[in-house]
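Welcome! Take a moment to look over the sequence and turn the structure around before reading on. The report below will walk you through it, part by part.

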Amino acid sequence: MRKCSLDNLQKVFALIAENASLYLPVDKVGGAVFEKWQEGTSYSNALNTVRSAKDFFFPQTENMMEFKTKGKEIEVVDTRDEHEDFVVFGVRACDVKSFEILDRVFLCEPVDSFYANRRAHGVIISMACTRPSETCFCQTFGIDAANPGADISCWKTDSEIFFEANTEKGEKLLSSIAALTEDTDEAAVEAQKAKIAEIMKKLPLAGITPDKFGGGKTSEFFNAPQWKELSQSCLGCGTCTFVCPTCQCYDIRDFKTNDGVIRFRCWDSCMYSDFTKMAHGNIRNSQLERFRQRFMHKLVYYPENNEGIFGCVGCGRCLAKCPISMNIVKVMKSLGGEA
Amino acid sequence: MQVNGEYKPLIVAFCCNWCSYAGADLAGNNRLAYPENVKIIKVPCSCRVNPMFILRAFQRGADGVIICGCHPGDCHYTSGNYYTRRRMSLLFSMLNFLGIEKERTRVEWVSAAEGAKFAATMNEFTEAVAALGENKRLEDLRCKR
Amino acid sequence: MQKITADMLIEKAVSLLEAGTISRVLGWKKGEFDYDVTPYVFADAESLKKDFVFDDFCGANFSKYLVAETRKAEGKVLVFLKPCDTYSFNQLLTEHRFDREAVYAVGIPCEGMADINKIKEITGDGISSLTSKGDKIVVDTIYDGEKEVDFASVLAERCVSCKSKKHVAYDELMGDEGDITDSARFDEVAQLEAMTEDERFAFWQSQLSKCIRCNACRDICPACTCEKCVFENPESPVENKAISDSFEEKMFHIIRAFHVAGRCTDCGECSRVCPQNIPLHLLNRKFIKDINSFYGEYQAGAEVGSRAPLVDYTTEDIEPGEAVMKGEGENA
Amino acid sequence: MMNNEALIPKVGVITDVRIDTPDVKTFRVVTPDGKKAFDHRPGQCAMLSIPAVGEAMFSITSSPTNTEYMEFSIKKCGCVTEWLHQAEVGQQITIRGPYGNPFPVDDVFEGKDLLFIAGGIGLAPLRSVINYCRHYRDRYGKIDIVYGSRSKDDLVDYKEIIDEWMNDDGINVHLTIDREQEGWDGHVGFVPSYVQELGFDTNKTAVLCGPPIMIKFTLEGLVNMGFDKTNVYTTMELKMKCGVGKCGRCNIGSKYVCKDGPVFRCDQIDELPDEY
């Protein structure tokens with residue numbers, strides 16, 4: 001384990017940024033966002049960013065290819081290129097876990113080369129949470145906010161920052177900043193971990209468990225009467241989907257430029273009425289069906305296909321952002337018979 | 001818009017079928033010159049111009065958008081241009097509120113008899129837009145590649 | 001003035017249910033924390049007593065819910081309307097969006113709603129409970145114990161510049177009637193107008209580029225009640241979920257605001273729900289301010305049946321060229 | 001690092017357009033150098049697209065045994081299909097695939113008597129299997145084909161049915177149309193009831209495709225006749241964008257129709273939530 005004084009943090013950033021673009025949470029009007037580090041950019045103290053970190057690997061809009069057309073002829077232009085190397089600093093444990101969930105979708109055969117390309121060029125430095133919010137429930141899904149993982153785990157105290165590499169990529173990056181860090185024992189980090197563990201017990205959502213859900217429970221929950229009242233006031237907007245670190249549905253669309261066509265993909269939401277709309281009908285005509293699809297996918301379908309891993313990481317963004325305050329915690333409690 | 005390495009503003013002019021388009025015709029018949037970069041789109045009435053048409057024009061590379069209709073009171077459909085007047089007042093004020101240069105948008109009433117006014121208006125408007133340079137604030141980079 | 005409590009509203013609702021005047025109640029359902037209430041339709045006294053809440057966080061405007069709810073079942077829906085909600089209520093009636101006979105509206109006074117984000121700015125995260133105490137809110141947190149914040153300092157932005165504490169529609173009013181307030185709601189718009197074009201552009205560019213096109217502003221808006229939105233029409237070139245090179249967001253927000261211009265009652269729901277905290281209400285307010293300045297004072301929803309400024313005209317209307325100057329404040 | 005990307009299509013050329021019915025055309029597609037775009041198995045699909053119009057999934061109508069080209073029978077119903085119906089020979093489109101699971105022609109179907117039941121454009125995916133089975137005729141038992149449509153003019157591939165299928169040994173073709181029509185002396189009535197009337201041996205393996213309502217009633221009928229759902233196959237169609245089980249659109253329960261389907265055994269469908 002290595003450490004450095006917080007006073008040296010900017011120097012560490014500068015050193016990392018010499019070799020790769022460095023992104024980190026920065027305070028902005030309306031909440032923290034990931035921004036590219038430049039001389040003078042300061043690291044946010046906020047618990048988490050408003051948007052999740054999935055943008056780094058699965059951006060909201062991404063050009064996939066271009067077409068040139070001439071008369072009846074079409075030329076397909078592969079516009080992919082190697083992504084630049086980049087480092088993301090300050091990713092929380094929940095978002096780190098979300099990458100694993102996205103990996104299982106995008107890196108299974110056939111591998112999504114757009115995602116894989118970004119993934120291969122990114123190094124993730126995580127940060128333990130010392131002050132989780134009341135909306136946090138990562139522990140529900142077995143995530144440890146005190147051991148955030150990824151390529152390098154970090155812990156921040158009032159005066160120092162501690163680094164521990166978890167992967168080869170992380171080792172490499174950590175050795176590149178060796179001049180600014182020093183070896184240390186784990187006492188301070190262990191103390192922080194113990195403190196975090198105590199806090200986690202006190203969180204209001206600490207008692208939520210996903211035990212009632214999981215693969216093979218489709219018939220148990222699909223026709224549950226609770227869906228009706230849960231989805232009753234859902235607006236059908238895409239807020240929960242778009243702030244969610246694990247939602248990965250996308251749309252593929254064409255855009256006519258002045259001299260060709262760009263085919264791009266962009267985030268889509270199963271909450272939208274046109275998500276499953278075809279020329280001759282729609283399999284989910286009501287908001288109830290669309291609402292159910294989102295939560296069934298996270299709590300039943302995803303675990304069924306992925307060895308019991310749930311499609312939610314408990315980051316709490318949907319709890320904070322839903323216009324009508326309907327969210328996965330309320331759904332789990334209601335379906336689980338607790339509310 | 002760049003023409004042979006030289007900047008020429010691309011102007012989209014929405015002209016109502018009954019007055020302004022005829023006015024443009026008259027300008028042509030009378031050999032009154034106006035810039036060739038003014039692209040005229042004929043509409044049945046100036047009030048046919050949906051605000052989205054204007055935004056799309058800017059997106060696709062227009063540097064200025066002008067709407068021409070019958071003089072208030074002379075609308076072929078009695079009141080169409082009165083609605084245009086309200087809508088465009090609000091829309092253009094909003095565009096300006098968002099920081100889009102106010103010289104890039106204009107409404108002008110041109111009758112079928114005002115060929116000279118049509119040509120003069122286009123010359124003047126083109127000049128005003130040219131002074132601003134390219135439209136950067138409502139452009140879509142995807143269209144300019 | 002007597003403060004309206006949840007118990008009083010429950011009592012009212014139960015008595016109306018028992019009298020058969022209404023068949024269901026549109027109200028706020030208790031959430032996980034003390035601030036995350038959900039709009040909910042209560043069908044019986046039992047569920048009302050169990051889950052109905054009314055506190056400093058019941059900001060949701062119910063008017064739009066009436067459009068769908070009144071079509072769902074027989075009998076009247078009881079709806080509690082705060083003064084600002086009544087304007088949306090009237091505007092929807094003007095546009096014939098629901099049947100007035102299917103609704104029983106109870107006006108309730110409102111001293112403004114609190115904004116949880118403002119509270120968190122003062123107290124930090126980790127809120128375990130919120131209790132109203134006079135003009136203070138007692139905030140209990142898991143980190144620093146109890147803290148008191150002034151209610152006035154955490155008032156939601158739209159309530160700071162509240163336009164009216166007077167109800168413009170109801171079947172029955174609880175508590176005292178308030179007045180139309182002389183709010184300073186156009187101040188922010190005026191400040192922007194006073195900037196240069198470049199400054200304004202920079203401001204909006206930074207704000208609108210945060211947009212994630214979630215459509216929450218549209219979906220919550222009581223004026224956006226089209227059965228099929230132009231942004232969902234696959235035949236139109238604007239159906240585009242992507243944010244792209246900054247044009248699409250601008251287009252979306254200009255058109256969204258334009259489509260409700262003259263019909264927007266300035267209820268502020270768009271800004272409340274924006275997950276990216278974009279001050280969207282400023283776009284709507286700009287239209288309202290311009291309409292007032294160009295065509296005379298007009299408050300959408302103030303009365304049922306009034307003609308919205310964009311479906312009206314006079315032969316003496318201001319010319320667009322002058323309007324833009326006036327809108328910028330140069331001739332004001 | 002950069003490898004083949006499933007989402008980037010190849011260019012295809014339409015080399016022949018056959019008008020089957022008033023709203024169905026069959027398109028022959030090859031690569032610009034005249035080859036078949038890729039190999040496929042019976043029942044698999046391909047994504048066809050026209051830049052700036054859209055991309056859509058179609059079942060490959062031609063048999064895998066045809067190594068020269070692929071055919072797609074396409075009914076006009078949305079924007080992509082409408083555009084295709086206006087396309088002329090020589091028009092280029094884009095094509096990617098193959099997607100989805102094929103019918104189990106090489107294991108489960110072998111040695112079995114097969115019963116194909118199709119309605120309307122539902123014959124399109126089955127034509128691929130039927131012609132595959134005809135090609136390897138000795139591997140399969142008796143073949144029965146029940147095919148119905150709104151009218152005589154709406155029978156897809158009518159010529160092939162009359163000229164080839166009906167002349168094959170060991171293949172019984174039963175045609176029906178919904179309403180009486182001049183010049184039609186065959187059976188009149190809906191497919192589900194015709195299947196009941198014909199009454200088949202329940203040892204057969206059945207393959208269904210057609211409009212959802214036809215599938216529903218035919219399946220009910222087959223079960224009533226004593227068919228086991230594990231011997232009945234069908235192929236589903238949902239909105240798809242990526243074709244590789246990632247975009248989430250065709251997700252029903254834990255299955256993705258593009259990847260886990262489109263061919264399903266009917267008992268598998270029973271396990272899915274009732275959304276189709």
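## Where chain C meets chain A

Let's begin at an interface of this predicted model. Here 33 residues of chain C are in contact with 36 residues of chain A. On the chain C side, the elements that supply two or more residues are strand S2 (38–42), strand S6 (127–133) and helix H9 (216–220). Of these, S2(C) gives the most, with four residues.

What kinds of residues make up the side of chain C that touches chain A? They divide into 18 nonpolar, eight polar and seven charged residues.

## How chain B is built

Now turn to chain B. Its secondary structure comes to four helices and six strands. If you trace the chain from the N terminus, you will meet these elements in the order β-β-β-α-β-α-β-α-β-α. Chain B has a radius of gyration of 15 Å, close to the 15 Å that the globule rule gives for 145 residues, so chain B is as compact as a globular protein of that length.

Along the principal axes, the C-alpha atoms of chain B fill a box of roughly 40 × 35 × 20 Å.

## Inside chain B

How much of chain B is buried? Of its 145 residues, 57% are buried.

You can also ask which parts of the sequence are brought together. Take the contacts in chain B between residues at least 6 apart in sequence: 81% of them join residues at least 24 apart.

Terms used
Residues numbered from 1 in each chain as written. Chains lettered and ligands numbered in written order. Predicted model: local features only at pLDDT ≥ 70, side-chain atom pairs only at ≥ 80, totals over all residues. Rg over C-alpha atoms; globule rule 2.2 N^0.38 Å. Buried ≥ 20, exposed ≤ 12 C-beta atoms within 10 Å, placed from the backbone. Contact = placed C-beta atoms within 7 Å. Nonpolar A, V, L, I, M, F, W, Y, C, P; charged D, E, K, R; others polar.
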